[in-house]
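Colleague: Please pick one part of this model and go through it closely, then follow it outward into its surroundings. I have the sequence and the coordinates open and would like to check each step by eye.

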Amino acid sequence: MQTNPTHTSLVAIGDSFTEGMSDLLPDGTYRGWADLLAGRMAARAPGFRYANLAVRGKLIAQIVEEQVGPAAAMQPDVITLVGGLNDTLRPKCDMGRVRALLEEAVERLTPACKHLVLMRSPGRQGPVLERFRPRMEELFACVDDLAARHGALVVDLYGAPSLGDPRAWDVDRLHLTDEGHRRVAEAVWQTLGYEPEDPEWRTPMPPTLPPNWTARRVEDARFTRQYLLPWIGRRLTGRSSGDGLSPKRPDLLPYEGPAA
């Protein structure tokens with residue numbers, strides 16, 4: 001990979017992770033690692049263009065059907081693809097189909113850009129996701145294999161101790177905080193060959209005293225009531241948090257946001 005390259009365009013596709021939840025801005029919109037990355041890249045390349053087609057809740061079949069074609073048509077320098085993790089969290093998941101769809105996406109996107117970036121998504125430490133880890137790791141093995149065969153770049157977030165820390169995750173335990181998104185942006189930035197701004201992004205956060213038993217139980221009850229039960233309800237009824245939502249940046253246009 002070229003050191004300190006200059007890219008002129010970026011298209012990000014995927015689900016809530018790439019949309020930017022839970023990096024909430026004062027106006028109620030989400031920023032996230034892809035916006036942060038675009039800001040950095042734009043500071044290096046006047047006229048830099050950016051599109052973000054990601055929508056929360058999307059499964060890999062929806063990403064392939066709704067986002068891959070438009071992203072490929074834009075012919076950007078860089079495309080980031082993160083998808084399939086929502087599938088692994090469903091009670092019934094056909095991993096063979098997930099792998100086939102991910103391969104289809106990679107085969108269509110690789111010739112449409114200079115650099116295709118895939119990721120091994122971060123995994124929060126804790127009991128809730130433990131039952132899904134075998135599927136997640138099967139997905140990441142597929143990502144590694146596809147990258148090796150098609151010349152894509154892989155950002156290993158799953159192996160980063162800093163992003164396994166519960167403090168990097170929002171209260172819903174499914175989405176990163178602003179600090180988590182900042183570290184992801186740094187990881188992708190470095191993978192693309194730019195000079196590190198934070199060489200220690202993988203380093204664990206400084207230790208703090210854990211909350212006491214009562215505080216943990218109160219937080220667990222809040223999490224179950226506000227996030228876990230609604231999430232289970234959507235899974236059982238076939239609904240998604242992204243139903244009816246459009247991408248926040250559907251067109252490849254000049255990015256004028258602040259660099260970060």
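Modeller: I will take the largest cavity, whose lining consists of nine nonpolar residues, three polar ones and no charged ones. Keep in mind that the model is predicted.

A search of the whole structure turns up one cavity of 30 Å³ or more. The largest cavity holds about 70 Å³ of space. To find it, select the residues that line it: Leu 81, Val 82, Gly 83, Gly 84, Leu 85, Leu 102, Leu 118, Met 119, Ser 121, Leu 139, Phe 140 and Val 143. Glycine is counted among the polar residues here, so the three polar members of this lining are Gly 83, Gly 84 and Ser 121.

Three elements each give at least two residues to the lining: β3 (78-82), β4 (115-120) and α6 (133-150). The largest share, three residues, comes from α6. These three are Leu 139, Phe 140 and Val 143. From β3 come Leu 81 and Val 82, and from β4 come Leu 118 and Met 119.

The two strands of the lining are paired with each other. β3 and β4 run parallel and are joined by four bridges. One place to check this is Ile 79, which stands opposite Leu 116 in β4. β4 also runs parallel to β5, again with four bridges between the two. In that pairing, the bridge partner of Leu 118 is Val 154, and Met 119 stands opposite Val 155. Both Leu 118 and Met 119 therefore do two things: they belong to the cavity lining, and they have partners in β5.

β4 itself is mostly covered, with five of its six residues buried. Val 117 is a good residue to centre the view on, as its place is in this strand. With a relative accessible area of 0%, Val 117 falls under the 20% cut-off and therefore counts as buried. Leaving aside neighbours within four places in sequence, Val 117 is in contact with Val 78, Ile 79, Thr 80 and Leu 81, with Leu 153 and Val 155, and with Val 188 and Leu 192. Leu 81 in that list is also one of the residues lining the cavity. The C-alpha atoms of Val 117 and Leu 153 are separated by 4.7 Å, although the two residues are 36 places apart along the chain.

Now move on to β5, residues 153-156. In a regular strand the side chains alternate between the two faces of the sheet. In β5, Leu 153 and Val 155 point to one face and are buried, whereas Val 154 and Asp 156 point to the other and are not buried. The buried pair, Leu 153 and Val 155, is also the pair that contacts Val 117.

Another partner of Val 117 is Leu 192. Leu 192 is found in the loop between α8 (178-191) and α9 (213-237). Its relative accessibility is 0%, so Leu 192 is buried. From Leu 192 a further link crosses much of the sequence: its C-alpha atom is separated by 9.7 Å from that of Thr 6, with the two positions 186 residues apart along the chain.

Links of this kind can be set against the chain as a whole. The protein chain contains nine helices and six strands, and buried residues make up 50% of its 260 residues. Among contacts between residues at least 6 apart in sequence, 78% join residues at least 24 apart.

One more site is worth checking, around two loop residues. Ser 22 sits in the loop between α1 (16-19) and α2 (33-44), while His 175 sits in the loop between α7 (161-164) and α8. Ser 22 has a relative accessible area of 16% and is therefore buried. His 175, at 12%, is buried too. The two residues are in contact with each other, and each also contacts Asp 170. Between the side chains of Ser 22 and Asp 170 there is a polar contact of 3.1 Å. The side chain of His 175 makes its own polar contact, of 2.6 Å, with the side chain of Asp 172. Asp 172 is also on the contact list of Ser 22, along with Tyr 30, Leu 176 and His 181. His 175 has further contacts with Ser 16, Met 21 and Trp 169.

Methods
Residues numbered from 1 in each chain as written. Predicted model: local features only at pLDDT ≥ 70, side-chain atom pairs only at ≥ 80, totals over all residues. Heavy atoms only, no water. 1 Å grid on protein atoms, 1.4 Å probe; cavity = no way out; pocket = protein on both sides within 12 Å on 5 of 7 lines; lining within 4 Å. Points joined across faces, edges and corners; volume = space filled by probe spheres on them. Buried < 20%, exposed > 50% of the residue type's maximum accessible area, 1.4 Å probe, protein only. Polar contact = N/O pair within 3.5 Å; in protein donor to acceptor, adjacent residues only side chain to side chain. Contact = heavy atoms within 4.5 Å.
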